[in-house]
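Work through the exercises below with the sequence and the coordinates open. Each task is followed by a solution in steps.

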Amino acid sequence: MFLKNTWYVACNAHEIDERLLGRTICNQKIVFYRDEHGQVAALEDFCPHRGAPLSLGKLCQGKLTCGYHGLEMGRDGHTVAMPGQRVQKFPAIKSYPVQERYGFIWVWPGDASLADPSQIPHMAWYDNPQWAYGGGTYHVRADYRLMIDNLMDLTHETYVHSTSIGQPEIDETPCETTVEGEAVVTSRFMQRIPAPPFWRAALRAKGLADEVPVDRWQICRFTPPSHVMIEVGVAHAGHGGYDAPDAHKVYAVVVDFITPETEHTMWYHWGMARQFNPNDAVLTAQIRDGQGKIFAEDLEMLERQQLNLSAHPARKLLTLNIDAGGAHARRILDRLLSAEQAALRA
Amino acid sequence: MFLKNTWYVACNAHEIDERLLGRTICNQKIVFYRDEHGQVAALEDFCPHRGAPLSLGKLCQGKLTCGYHGLEMGRDGHTVAMPGQRVQKFPAIKSYPVQERYGFIWVWPGDASLADPSQIPHMAWYDNPQWAYGGGTYHVRADYRLMIDNLMDLTHETYVHSTSIGQPEIDETPCETTVEGEAVVTSRFMQRIPAPPFWRAALRAKGLADEVPVDRWQICRFTPPSHVMIEVGVAHAGHGGYDAPDAHKVYAVVVDFITPETEHTMWYHWGMARQFNPNDAVLTAQIRDGQGKIFAEDLEMLERQQLNLSAHPARKLLTLNIDAGGAHARRILDRLLSAEQAALRA
Amino acid sequence: MFLKNTWYVACNAHEIDERLLGRTICNQKIVFYRDEHGQVAALEDFCPHRGAPLSLGKLCQGKLTCGYHGLEMGRDGHTVAMPGQRVQKFPAIKSYPVQERYGFIWVWPGDASLADPSQIPHMAWYDNPQWAYGGGTYHVRADYRLMIDNLMDLTHETYVHSTSIGQPEIDETPCETTVEGEAVVTSRFMQRIPAPPFWRAALRAKGLADEVPVDRWQICRFTPPSHVMIEVGVAHAGHGGYDAPDAHKVYAVVVDFITPETEHTMWYHWGMARQFNPNDAVLTAQIRDGQGKIFAEDLEMLERQQLNLSAHPARKLLTLNIDAGGAHARRILDRLLSAEQAALRA
């Protein structure tokens, strides 16, 4: 059971350049492509003729043709044509609301009449010369909520990412969690600590001393269905920490869009937006590669955790203070899901 | 549920030269081999002693010996001997009617008392110097009836095989389907069209012009349980098409024997018999390789179609005029299967 | 259903040198490691915090730390510490009785209060300069009882191991099976036969003639839950066979500890202890490699036998005289299992 009346990141925009992409989102097989106007379209990946996957078809100047017997499918799910056939009465297939924004393709798996593009979260850094962005996508065999838990409790950095962004001071500094409507925010502010390797490199990249004590912050913000934006940064100690003037700090936003594929698998879209040295493309590539390696360290843990939980479905886990972010996020998801289900029955 | 009282191709005859072959046919695990007289035998692949697969055993001058503890099994399913044991009361295992014919091993998975070798379809080209034959075998993870559908509706050639045998004129030319008892025939005759690459090569091989307009025909003939013979050919236009004198045409028979392995997997035996240049072994190999590549293009489509259908078992598909051949074939299979089941209960 | 109140070999002692080992024993996921005193510990492989596998954690001077969020787990299953947390009320996880003995780690998957280390079978050859030992471990996808059957009926050597230890005389010589309490002994004594390749090499290694007739013996001894010790050897014929003076014979003990992983998979620990040339390390390595190759010949047979039995769960197998050892072993296991279950209900 997934929240359906909401926007998920389906894929990166460049993944459908010149080609069809079949992808399962919330247990629904969907084909994504660009139509003759370059506008993205999303349809059930099921040809109404004989059930062939449309994603094995061909795209001829934006026209989607089934690769098995040549049925031409329109972006609204109605068959446009098929050689030698009258197609007016062919059953329609489901067409999904879909938007291209901020370099991603967003899809609304639920009731199309409720789809409101203004609900897509705003990404201030997109197409903004003061920011740089790099990211990637991982397929993970775990419940997508395990990734929300992971990102809302960054104490795991000390253990999973001990050589890059982890440090014992994360564990030692209490976090605070607040709920703001449907959003959950977990914050941690560390004072006068050494910067870990990732941040030392960032300080150096900006021309700042990297071996002096810093204040470090992590502000994780969950919004439904499964977006987690994390403000992260360090400032030379004694300049105001998070509020320090730009000249004394480096900071970024960790961007996480988590998309359920099935109950126990997900697509994980991760990235980092930063304001320091935004025009340094080499640095952007270095950071993306580094982040990719760091985030890959989580995958085995989450997949093995999932196997353990699947083997012991009734077992109760602990919800400590550090787990409050993930716990509140799940409670909000449960509440929204109940409301969505109730509306379906009404 | 498969039709059982019928002949299926189990394997190619050469596959049991000098060795045992274990293969699952209609959900039954069977071991095939040649006995001391070179006669093919087919037995349950299950040693009555401890359940070891007999196909892991040894064949000593036609005597089948279990590879685990040395039980010697007879071709009738009765144990012949076992070191140190009296075997008279050992339970028999199932022995299957089996025939070697036309380079294939044929097996009858049902009631042995009903097995009639005269029901094996006749292959006029076998061991006939006026014909040449080449073929191969594929394992496909799809319901065997999806392959029947595929072969009875050749409009897919335009899309799946666009670089070899496909051409838009197939789509544009209506086909006609007739039912003749338990056989289904779907025919298509195309007039004054360009020959596609496969047929241009065939024309050239026979010393005929390949860039002139041709008449092309496809006559697909289904017979139960899952044999599809397809007469295919082209003639220089204006000489009578299918009925043109030999000097003006090239033609062949596409041979398809489809054997269910499980509900959703099959063994697909394909080949081509031709009368032009029958002694040209190089050409035979070229055609077999080309056909192998062409027929491999269907596999991903069928396997992905199967996944889609398995995910949506209740979904109704379309049955268009082009699907009439497959639809009639399924109806005949359903009718024969009901009759077979009724006879079992009687 | 497995016997639980008993000792199984979990792994070789060296497998937990300096590292954690996660292994499933009788369907229970367990993590094995050495604590700060070098003493082996065994715990549920499930962190009580969020279900992460503890075997993905770190071992810091014998302290087991969860690799996800740093929970420190004690060898008794009680959490010792976690950064920033009061852990006193954390639920305990299961701690397993465990012993290191004879180069193996032994685990008791059942009721810890019943665990008695004196029940671990004695291995006279361990750390004894008059003996040499070499062995290895295989993972096998079959019910562990199929391996007991295999080892209690050595007629399979004639077929499965025909080039090394098999010979027709095994088949031709009747065996005798006796039950001694919970132990089962199947013996076979062969007189004046040629030695097979393995034993010819052993005779040569000891400086004895290898082409003269020998007496050969095989005495297989099963004890619950799944230990099979096999006395094997050959003596120059005419010197008393099994009872011949040492100068006229070579002999060894085949050591088999079989540990169920799941209903249809097992860990198989095999080895050979010998008294001839005990200080010849090269010979020990040669014998271990040879035995490893020979025992690997059984794996495909057992795994394919398992597939056959799983496909035909109701089918009755034969229990011949040669199968008496395995049959008695299963009867004893069933009786002990019933008693264990009855005690649980009481």
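**Exercise 1. Cysteines**

Determine whether Cys66(A) is buried or exposed, and state how far its sulfur is from the closest cysteine sulfur.

Solution. The model is a predicted one.
- Step 1: the relative accessible area of Cys66(A) is 3%. Buried means under 20%, so Cys66(A) is buried.
- Step 2: the closest cysteine sulfur to that of Cys66(A) belongs to Cys47(A), at 3.9 Å. A disulfide requires two cysteine sulfur atoms within 2.5 Å, so this pair is too far apart for a bond.
- Step 3: turn to Cys26(C), which is in no disulfide either; its nearest cysteine sulfur, in Cys11(C), lies 14 Å away. Cys26(C) is buried as well, with 2% relative accessibility.
- Step 4: over all chains, the count of disulfides is 0.

**Exercise 2. Relation between the chains**

Find the rotation and the shift that lay chain C on chain A, and name the axis.

Solution.
- Step 1: two copies of a chain are related by a rotation about an axis and a shift along it.
- Step 2: for chain C on chain A, the turn is 120° and the shift along the axis is 0.1 Å, with an RMSD of 0.0 Å. This is therefore the relation of a three-fold axis.
- Step 3: chain A is superposed on chain B by a rotation of 120° with a shift of 0.0 Å along the axis, and the RMSD is 0.0 Å.

**Exercise 3. A sheet in chain B**

Give the strand order of the open sheet that contains β1, β9 and β10 of chain B, and identify its edge strands.

Solution.
- Step 1: strands of a sheet pair through backbone hydrogen bonds, either parallel or antiparallel.
- Step 2: the order of the 3 strands in chain B is β1-β10-β9, with antiparallel pairing.
- Step 3: β1 (8-12) and β9 (98-101) of chain B each pair on one side only, which makes them the edge strands.
- Step 4: on average, and ignoring direction, neighbouring strands of this sheet are turned by 30° against each other.
- Step 5: β9(B) pairs with β10 (residues 104-107) of chain B over 4 bridges in the antiparallel sense. Opposite Glu100(B) stands Ile105(B), in β10(B).

**Exercise 4. Two helices in chain A**

Classify the crossing of α1 and α5 in chain A.

Solution.
- Step 1: the axes of α1 (residues 144-152) and α5 (residues 281-311) of chain A come within 10 Å and cross at roughly 125°.
- Step 2: α1(A) is therefore oblique to α5(A).
- Step 3: the crossing of α1(A) past α5(A) is right-handed.

**Exercise 5. Backbone geometry in loops**

Locate the cis peptide bonds that end at Pro225(A) and Pro225(C), and the positive phi values of Asp127(B) and Asn27(C).

Solution.
- Step 1: Pro224(A) and Pro225(A) are joined by a cis peptide bond, omega being near 0°. Pro225(A) sits in the loop between β14 (214-223) and β15 (227-236) of chain A.
- Step 2: in chain C, the bond from Pro224(C) to Pro225(C) is cis, with omega about 0°; Pro225(C) is in the loop between β14 (214-223) and β15 (227-236) of chain C.
- Step 3: Asp127(B) is not a glycine, yet its phi is positive, at about 60°. Asp127(B) lies in the loop between β10 and β11 (132-140) of chain B and is exposed, at 72% relative accessibility.
- Step 4: Asn27(C), also not a glycine, has a positive phi near 70°. Its place is the loop between β2 (21-25) and β3 (28-34) of chain C, and at 45% relative accessibility Asn27(C) is partly exposed.

Note on methods: Residues numbered from 1 in each chain as written. Chains lettered and ligands numbered in written order. Predicted model: local features only at pLDDT ≥ 70, side-chain atom pairs only at ≥ 80, totals over all residues. Heavy atoms only, no water. Buried < 20%, exposed > 50% of the residue type's maximum accessible area, 1.4 Å probe, protein only. Least-squares fit on C-alpha atoms with pLDDT ≥ 70 in both. Pairing = 2+ DSSP bridges. Axes fitted to C-alpha atoms, helices over the stretch in contact; angles between N-to-C directions. Parallel < 35°, antiparallel > 145°, perpendicular 65-115°, else oblique. Left-handed = near helix turned anticlockwise from the far one by under 90°.
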